[in-house]
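Thank you all for coming; I would like to walk you slowly through one structure that may be new to most of you. Please take a moment to look at it before I begin.

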Amino acid sequence: MKNVLITGGSRGIGAQLVRDFAGAGYAVYFLYKSNTEAANALSKETGAYGIQCDVSKKEDVEKAFGVLKSKFCRIDILVNNAGISDIKPFSDISDDDWHTMMGVTLDGAFYCTKFALGDMLREKWGRIINISSMWGQVGASCEVHYSAAKAGLIGMTKALAKELGPSGITVNCVAPGFIESDMNKSLSPEVVQEILGEIPLERTGKCHDVSAAVLFLASDGGAYITGQVLGVNGGMVIN
């Protein structure tokens with residue numbers, strides 16, 4: 001049985017990943033920052049093991065991996081999903097806004113990958129899947145820091161794929177489009193309708209759409225795929 005670690009696993013896309021990996025027979029562990037109630041409910045529902053952790057802090061990530069080691073758990077598959085949303089004009093982005101965005105999205109992926117990689121290198125097998133965004137590919141007005149962080153994940157994916165390929169480790173990226181999740185609940189119906197008009201499939205995405213792509217990349221079917229950005233966006237971005 002393969003062990004999978006999902007960051008940002010207590011809600012939205014992360015929670016769906018936990019459900020679907022558990023349903024597919026994986027041993028699932030997930031990190032969450034603060035929503036203990038949701039994390040406990042998800043653990044009860046799926047049998048997955050949740051660990052409270054702020055992925056932007058190296059010491060928190062180190063402690064979380066210490067818990068995993070105490071359970072004799074090596075990480076075979078890492079899904080760097082943790083992220084935050086923050087919509088505002090560039091002129092309103094504060095230093096704290098910028099560093100928080102980069103901390104959760106990029107530092108979190110950096111730290112978790114660092115701590116997970118030892119097991120993968122020893123086993124000569126591993127899957128690292130980073131959750132970026134279509135806005136990391138094309139940029140979004142009033143989301144400069146978000147777009148920059150998500151673009152950073154794409155660059156990290158491509159570089160790591162080249163470096164880790166000879167060790168039997170694949171590194172890929174999933175770039176969701178507009179997904180019905182907690183992150184987008186604050187958008188007005190008018191904005192949602194405007195976005196729908198730009199999607200060729202004429203519907204918003206579901207968390208399961210993203211999860212299905214991640215599970216494929218983690219499976220034997222994705223064994224010869226590395227360094228790629230898989231868009232799950234209904235055709236909103238076509239490269």
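What you see here is a predicted model, and I will start with helix H1, residues 12-23, and helix H2, residues 36-46, whose axes come within 10 Å and cross at roughly 15°. Because that angle is under 35 degrees, H1 counts as roughly parallel to H2. The crossing of H1 and H2 is right-handed. On the H1 side the contact is made by Ala-15, Val-18, Arg-19 and Ala-22, and on the H2 side by Leu-42, Glu-45 and Thr-46. Sorted by class, the residues in this contact of H1 with H2 are 4 nonpolar, 1 polar and 2 charged.

Let me turn to the backbone. Most residues other than glycine have a negative phi. Which sign does phi take at Cys-142? The value for Cys-142 is positive, near 65°, and this residue sits in the loop between helix H5 (134-138) and helix H6 (144-164), where Cys-142 is partly exposed, with a relative accessible area of 32%. Glu-202 likewise has a positive phi, near 60°, and lies in the loop between helix H7 (189-196) and helix H8 (207-218). With a relative accessible area of 67%, Glu-202 is exposed.

Finally, a residue within a helix: Phe-110 belongs to helix H4, which covers residues 95-123, and Phe-110 is partly exposed, with a relative accessible area of 42%. Between the C-alpha atoms of Phe-110 and Cys-73, which are 37 residues apart along the chain, the separation is 20 Å.

Key. Residues numbered from 1 in each chain as written. Predicted model: local features only at pLDDT ≥ 70, side-chain atom pairs only at ≥ 80, totals over all residues. Heavy atoms only, no water. Helix = DSSP H or I, 4+ residues; strand = E, 2+ residues; numbered from the N terminus. Buried < 20%, exposed > 50% of the residue type's maximum accessible area, 1.4 Å probe, protein only. Axes fitted to C-alpha atoms, helices over the stretch in contact; angles between N-to-C directions. Parallel < 35°, antiparallel > 145°, perpendicular 65-115°, else oblique. Left-handed = near helix turned anticlockwise from the far one by under 90°. Contact = heavy atoms within 4.5 Å. Nonpolar A, V, L, I, M, F, W, Y, C, P; charged D, E, K, R; others polar.
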